[in-house]
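The following exercises concern one protein chain. Please study the sequence and the structure before reading each solution.

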Amino acid sequence: MTEPAAVKAALKTQAVETPSWAYGNSGTRFKVFAQAGVPRDPFEKLDDAAKVHEFTGVAPTVALHIPWDRVENYAALAEHAKDRGVRVGAINSNTFQDDDYKLGSICHPDAAVRRKAVDHLLECVDIMDATGSRDLKLWFADGTNYPGQDDIRSRQDRLAEGLAEVYERLGEGQRMLLEYKLFEPAFYTTDVPDWGTAYAHCLKLGEKAQVVVDTGHHAPGTNIEFIVATLLREGKLGGFDFNSRFYADDDLMVGAADPFQLFRIMYEVVRGGGFSSDVAFMLDQCHNIEAKIPAIIRSVTNVQEATAKALLVDAGALAAAQAAGDVLEANAVLMDAYNTDVRPLLREVRGEMGLDPEPMKAYRACGWAEKVVAERVGGQQAGWGA
């Protein structure tokens with residue numbers, strides 16, 4: 001049986017990166033419901049992210065999205081983050097909102113468009129240098145809608161060529177994290193549709209290129225924990241984008257749709273050594289109808305609960321049952337850990353970290369929500385597409 005002290009020690013080292021775009025007005029493709037008090041610029045997004053870290057203690061970094069978070073002085077932005085007790089995390093590129101990218105970006109048949117896309121990715125590496133960020137996160141909307149629209153193999157060649165140029169620009173200690181998505185917005189072929197495609201490109205690029213697993217980017221029924229186990233085994237799991245989806249989108253709070261799946265994923269992370277390695281645990285969510293900061297706090301605590309349960313799995317008992325071929329006992333060991341109420345344990349962890357044991361209640365009582373509603377008036381709120 002895993003000792004509670006060891007579980008608590010591991011939980012205190014956990015870090016969950018929050019996304020800047022989740023603090024602004026964002027949501028579905030049909031309607032974005034604006035909320036009062038949301039940030040008007042990247043600096044205010046960092047202010048909100050700092051409140052999440054203040055009450056959870058495990059959200060020390062904030063992912064930026066370029067151009068949504070473009071500023072004149074990125075060193076100043078990084079210093080602002082430091083002053084608030086957080087740091088700039090992954091730099092996320094955007095090659096899907098410009099009219100030039102209608103037929104793709106880095107895979108576009110026009111060399112001029114490809115050049116524009118690659119230049120943007122190189123700009124993102126410049127921003128990494130200025131902010132001290134470790135990770136460049138890439139997701140491409142590139143694909144085709146109809147058979148014959150473009151040559152599938154040629155698009156893969158263009159993808160490889162563009163990625164290689166950006167990879168060579170990475171500095172010491174920097175990484176390229178390649179994300180994949182089954183479909184959307186392309187309907188016939190997607191240029192990076194699955195973990196195998198992402199893995200193949202990362203393998204060819206080298207050690208600085210790794211795969212990102214977005215938990216909402218798979219076909220229904222996909223065994224995500226198998227993908228996680230395989231990538232960990234190969235040393236190619238760079239990080240997660242945590243979220244949930246019921247049908248075909250992926251912006252709901254992590255653990256909302258299937259908390260058992262999140263536990264299974266985190267068990268494979270713990271079992272494969274990913275919890276103590278450089279695997280990045282990031283949220284990638286948009287909050288359209290729920291309050292922003294409370295939703296992010298809830299998401300962070302959902303990851304903590306799944307992790308705590310995964311850490312409680314009795315590895316010795318599980319291995320013995322598996323070796324004996326005792327199917328029911330092996331399953332029972334996992335289910336015992338999953339069915340454990342870990343909330344008292346997490347309250348103890350927070351207390352030992354000098355935090356309020358109830359982060360959601362503490363945030364609601366601090367007055368920050370009322371403060372920003374009163375102060376953040378006028379100007380353009382920074383949200384989806386800003």
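**Exercise 1.** Determine which backbone nitrogen a side-chain oxygen of asparagine 73 reaches at the start of H3.

*Solution.* Begin at the start of helix H3, residues 74–83. There, a side-chain oxygen of asparagine 73 comes to within 3.1 Å of the backbone nitrogen of alanine 75. The model is predicted: local features need pLDDT of at least 70 and side-chain atom pairs 80 or more, whereas totals for chains, interfaces and linings use all residues. Residues are numbered from 1 along each chain as its sequence is written, and side-chain values use heavy atoms, without hydrogens and water.

**Exercise 2.** Establish which residues of H3 are buried and which are exposed.

*Solution.* Buried means under 20% relative accessible area, and exposed over 50% (1.4 Å probe, protein chains only). Tyr74, Leu77, Ala78, His80 and Ala81 are buried in H3. Because these residues cover an arc of only 155° around the axis, they lie on the same side of H3. Lys82 and Asp83, on the other side of H3, are exposed. Next, consider the contacts (heavy atoms within 4.5 Å): the buried residues pack against helices H2 and H4 and strands S2 and S3. Finally, H3 is followed by glycine 85, which has a positive phi near 90°.

**Exercise 3.** State in which order the eight strands close into a barrel.

*Solution.* The order is S1-S2-S3-S4-S6-S8-S9-S10, with parallel pairing; two strands pair if DSSP finds at least two bridges between them. As an example, four bridges join S4 (residues 135–138) to S6 (residues 175–179). Lysine 137 stands opposite leucine 177 in S6.

Key. Helix = DSSP H or I, 4+ residues; strand = E, 2+ residues; numbered from the N terminus. Arc of directions from axis to C-beta. Polar contact = N/O pair within 3.5 Å; in protein donor to acceptor, adjacent residues only side chain to side chain.
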